[in-house]
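Hi everyone, thanks for making room for me today. I'd like to walk you through one structure, so please have a look before I start talking.

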Amino acid sequence: MCSIRKSWACYEEWENVVVVDREYSFRLVAGAFFFLRQGEMRPLSEITAMAPTLEGGPMDWQYKTEPQSGFCEAMKDSRFIWPRSRVLGGTSTINGMLYVRGNRRDYDNWALAGSIGWSYDEVLPYFKKSEDMQVERYLNSSFHKTEGYLTVEEFRYRPKIVNTSRKIGYQNNDINGEKPTEFGLAYGTLRDGLRCSIAKAFLRPARNRLNFDISLHSFVEKILIDSNTKVTQGVVFKKNMHRHTVGVRKEVNVSAGAFNSPHLLVLSGIGSYWQILEAGI
């Protein structure tokens, strides 16, 4: 419990941030630096075994897919639950914590399709830079690195299927290594056996910077864009029933997730003409 209390103390500090209408160089919507987030992280989310109970709770936006014929037929109303976190640290606060980077071919296909800089060999250094690998057998692997901000450990529970797979001839491979197929013992974003969310890994070390502010319970309503230059000027957000406008000198970084990012862009007048017209923007 000591570790959990220590983790929670940081979020209690951010609860008391006073928002001042001011200008920043960068702003991250979820930059001097200003970080806006809808809610706070709750201490029970630190416990790995609690992960299944977090979906559909107060930390979750509780999104569901639209009913479609032939899909999700085992689900109520043929709708699939799509967990998305509404708290500091994003969905890394409610997910299953598996550390899986994705398949090499996906990145290489993005590069072939025209996404310059997104091949696997080009993104691998950034994965390694952010990682603090603590699994002993991977410490000397060319696919991993230590001393990053995001701690990666093995789960305390070891499924018997891994040992069984060895007995019948399968290899126990690194799921993020040279051959990420067959069977492998999963590892995740954990620190000392507790969840290591994006907030814990990256925001906590930066929380005392003079050029960095975090505002919880802040719901962004719109990105302000100059109608002539088409350059972002700031954001409008609501906190404690009061609306605030914060200016920006350089840029606004939108990192609100696969659903909320495009939603915010449409509300700001960026997107399909018909969507914007339908929304009355």
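Which side chains meet in a salt bridge at 3.8 Å, N to O? They are lysine 238 and glutamate 221. Before I go on, please keep in mind that this is a predicted model.

That pair links distant parts of the chain: lysine 238 belongs to strand S12, residues 232-239, while glutamate 221 sits in strand S11, residues 218-225. The two are 17 residues apart. Lysine 238 is partly exposed, with a relative accessible area of 30%. Glutamate 221 is partly exposed too, at 22%.

Glutamate 221 also forms a salt bridge with arginine 243, and here the closest N and O atoms are 2.6 Å apart. Arginine 243 is found in strand S13, residues 242-254, and the partners are 22 residues apart along the chain. Put these together and you have a network of salt bridges linking Glu221, Lys238 and Arg243.

How many salt bridges does the structure hold? The count is 7. One of them joins glutamate 46 to lysine 200, with the closest N and O atoms 3.0 Å apart. Glutamate 46 lies in the loop between strand S2 and helix H2, and lysine 200 in helix H6, so this pair ties together parts that are 154 residues apart in sequence. Are these two residues buried or exposed? Both glutamate 46 and lysine 200 are buried. As a general reminder, side chains of opposite charge can pair when their charged atoms come close.

Now let's turn to a sheet. What is the order of the strands in the open sheet of 3 strands? The order is S5-S6-S7, and the pairing is mixed. S5 and S7 stand at the edges with a single partner strand each, so one side of each has no neighbour in the sheet.

Let me take the two pairings in turn. Strand S5, residues 131-133, runs parallel to S6, and they pair over 3 bridges. In that pairing, aspartate 132 stands opposite threonine 151 of S6. On the other side, S6 pairs with strand S7, residues 187-188, in the antiparallel sense over 2 bridges. There, glycine 188 of S7 is the bridge partner of glutamate 153, and tyrosine 187, also of S7, stands opposite glutamate 154.

Why can we call S6 largely enclosed by the rest of the structure? Because 5 of the 5 residues of this strand, residues 150-154, are buried. Leu150, Val152 and Glu154 point one way from S6, whereas Thr151 and Glu153 point the other way, and all are buried. That fits what you may remember about strands: in a regular one, the side chains alternate between the two faces of the sheet.

Next, the aromatics. The count comes to 13 aromatic pairs. Among them is an edge-to-face pair of tyrosine 107 and phenylalanine 127, 6.1 Å from centre to centre, with 80 degrees between the planes. Tyrosine 107 is in helix H3, residues 104-112, and phenylalanine 127 in helix H4, residues 120-130, so to speak two distant parts of the chain linked by one pair, 20 residues apart. Tyrosine 107 is buried, with a relative accessible area of 7%, but phenylalanine 127 is partly exposed at 21%.

There is a ring cluster as well: ring pairs link Trp61, Tyr63, Phe80, Trp82, Phe219 and Phe259. Which residues make the nonpolar surface patch of about 360 Å²? They are Met75, Phe80, Trp82 and Phe259, so you will recognise Phe80, Trp82 and Phe259 from the ring cluster. Methionine 75 lies in the loop between strand S3 and strand S4, and methionine 75 is partly exposed, with a relative accessible area of 37%.One last item comes from a database record. In an unreviewed entry, UniProt lists residues 257-271 under "domain: Glucose-methanol-choline oxidoreductase N-terminal". In the model, the chain over residues 257-271 is 73% helix and 0% strand, and its end C-alpha atoms are 16 Å apart.

That's my tour, and thanks for listening!

Note on methods. Residues are numbered from 1 along each chain as its sequence is written. This is a predicted model: local features need pLDDT of at least 70, side-chain atom pairs count only at pLDDT 80 or more; totals for chains, interfaces and linings use all residues. Side-chain values use heavy atoms; hydrogens and water are left out. A salt bridge is a side-chain nitrogen of Lys or Arg within 4 Å of a carboxyl oxygen of Asp or Glu. Helices (H or I, at least four residues) and strands (E, at least two) are DSSP runs, numbered from the N terminus. Buried means under 20% relative accessible area, exposed over 50%, partly exposed in between (1.4 Å probe, protein chains only). Patches are made of residues with over 30% relative accessible area and no salt bridge: like charges are joined within 9 Å, nonpolar side chains (Val, Leu, Ile, Met, Phe, Trp, Tyr) within 5 Å. Accessible areas come from the Shrake-Rupley method with a 1.4 Å probe; for residues, only the protein chains shown count as cover. Two strands pair if DSSP finds at least two bridges between them. UniProt positions are given in the numbering used here, feature names are shortened, and annotations may be inferred rather than shown by experiment. Rings of Phe, Tyr and Trp (its six-membered ring) pair if their centres lie within 6.5 Å; planes under 30 degrees apart count as stacked, over 60 as edge-to-face and the rest as tilted.
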